[in-house]
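Subject: Structure for you to look at

Dear colleague,

I am passing on the structure we spoke about, with the sequence alongside. Please have it open while you read the notes that follow.

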Amino acid sequence: MEQPSAHPPGRLRTTPSWLLTQTAAHAARLVTTALGSRHARGYHYRLLATLAETGPASQADLGRRSGIDRSDIVATVNDLADRHLVRRQPDPTDRRRNIVHITPAGQRELTHLQHVLDTAQDTLLAPLNPTDRHELVRLLDLLLAHHQEPKG
């Protein structure tokens with residue numbers, strides 16, 4: 001991705017899409033570095049967080065719940081299973097599919113990942129006070145929800 005100049009033109013500094021793109025790129029670098037310190041990626045965190053919050057699920061359901069594309073979910077589950085952070089068990093109602101469970105080691109790793117992610121968030125949002133951080137999250141959530149709504 002192209003690096004922004006130190007002094008972008010004023011028109012850019014008042015263009016929300018440009019500001020969001022530049023901030024998102026910086027956020028992605030911070031999060032990638034933070035999770036990398038635990039030999040993890042964003043998909044690992046998303047899958048563990050989804051399992052911890054919603055419970056065991058099939059790989060297809062996990063993909064839908066976590067927003068991980070089905071082409072990436074198998075590799076992500078494999079990575080986590082190889083590290084004993086999740087386990088697969090046959091679905092008692094359909095032996096053709098597996099149910100993925102978070103393990104105690106996965107719960108511990110999620111706690112570590114949450115800590116490094118929180119630290120990255122603090123770095124990203126350093127210039128904002130707690131009230132401003134809350135408002136930024138509220139507004140970003142509102143924008144995302146609006147653009148994710150099915151159009152019909």
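Val 77 lies in helix α5, and in this predicted model Val 77 counts as buried because its relative accessibility is 0%, where the cut-off for buried is under 20%. Leaving out residues up to four places away in sequence, Val 77 touches Leu 47, Gln 59, Val 86, Arg 88 and Val 100. For one of these partners there is also a backbone distance, since the C-alpha atoms of Val 77 and Gln 59 are separated by 7.9 Å, with their positions 18 residues apart along the chain.

Val 86 is a partner of Val 77 that leads on to the core. With residues up to four places away in sequence again not counted, Val 86 touches Leu 47, Leu 48, Leu 51, Val 77, Leu 80, Ala 81, Val 100, His 101, Ile 102 and Thr 103. The largest nonpolar core has 23 residues, and Val 86 is listed with Leu 47, Leu 48, Leu 51 and Leu 62 as those with the most contacts inside it. At least two residues of this core are supplied by each of α2 (16–36), α3 (42–54), α5 (70–82), β3 (94–102) and α6 (104–124), and the largest share, 5 residues, comes from α6. As background, nonpolar side chains in soluble globular proteins tend to be buried together.

Thr 103, which is also among the residues touched by Val 86, is found in the loop between β3 and α6. Thr 103 counts as buried because its relative accessibility is 12%, against a cut-off of under 20%. Once its neighbours within four places in sequence are set aside, Thr 103 is in contact with His 84, Leu 85, Val 86 and Arg 87. In the case of His 84 there is a polar pair to look at, as a polar atom of the side chain of Thr 103 lies 2.7 Å from the backbone oxygen of His 84.

His 84 itself deserves a second look for its backbone. Its place is in the loop between α5 and β2 (86–91), and its phi is near 60°, a positive value in a residue other than glycine. Most residues other than glycine have a negative phi. Is His 84 buried or exposed? His 84 counts as exposed, because its relative accessibility of 59% is over the 50% cut-off.

His 39 is another residue to check in this respect, with a positive phi of about 55° although it is not a glycine. His 39 lies in the loop between α2 and α3, and with a relative accessible area of 66% His 39 is exposed.

Towards the N terminus, Leu 12 is found in helix α1 (residues 10–13). Leu 12 is partly exposed, because its relative accessible area of 30% falls between the cut-offs of 20% and 50%. Apart from residues up to four places away in sequence, Leu 12 touches Trp 18 and Leu 19.

For the chain as a whole, there are 7 helices and 3 strands, and from the N terminus on the elements run α-α-α-β-α-α-β-β-α-α. The C-alpha trace spans about 60 × 45 × 30 Å along its principal axes. Of the 152 residues, 28% count as buried, while the accessible surface comes to about 10,500 Å², of which 56% belongs to carbon and sulfur atoms. Among the contacts with a separation of 6 or more, 51% are accounted for by residues 24 or more positions apart. As for the charges, the mean positions of the 19 positive and the 16 negative ones are 3 Å apart.

With best wishes

Definitions and conventions: Residues numbered from 1 in each chain as written. Predicted model: local features only at pLDDT ≥ 70, side-chain atom pairs only at ≥ 80, totals over all residues. Heavy atoms only, no water. Core = buried A, V, L, I, M, F, W, Y, C linked by side-chain atoms within 4.5 Å. Buried < 20%, exposed > 50% of the residue type's maximum accessible area, 1.4 Å probe, protein only. Helix = DSSP H or I, 4+ residues; strand = E, 2+ residues; numbered from the N terminus. Contact = heavy atoms within 4.5 Å. Polar contact = N/O pair within 3.5 Å; in protein donor to acceptor, adjacent residues only side chain to side chain. Areas by Shrake-Rupley, 256 points an atom, 1.4 Å probe, with all protein chains shown as cover. Lys, Arg positive; Asp, Glu negative; His and termini not counted. Charge placed at Lys NZ, Arg CZ, Asp CG, Glu CD.
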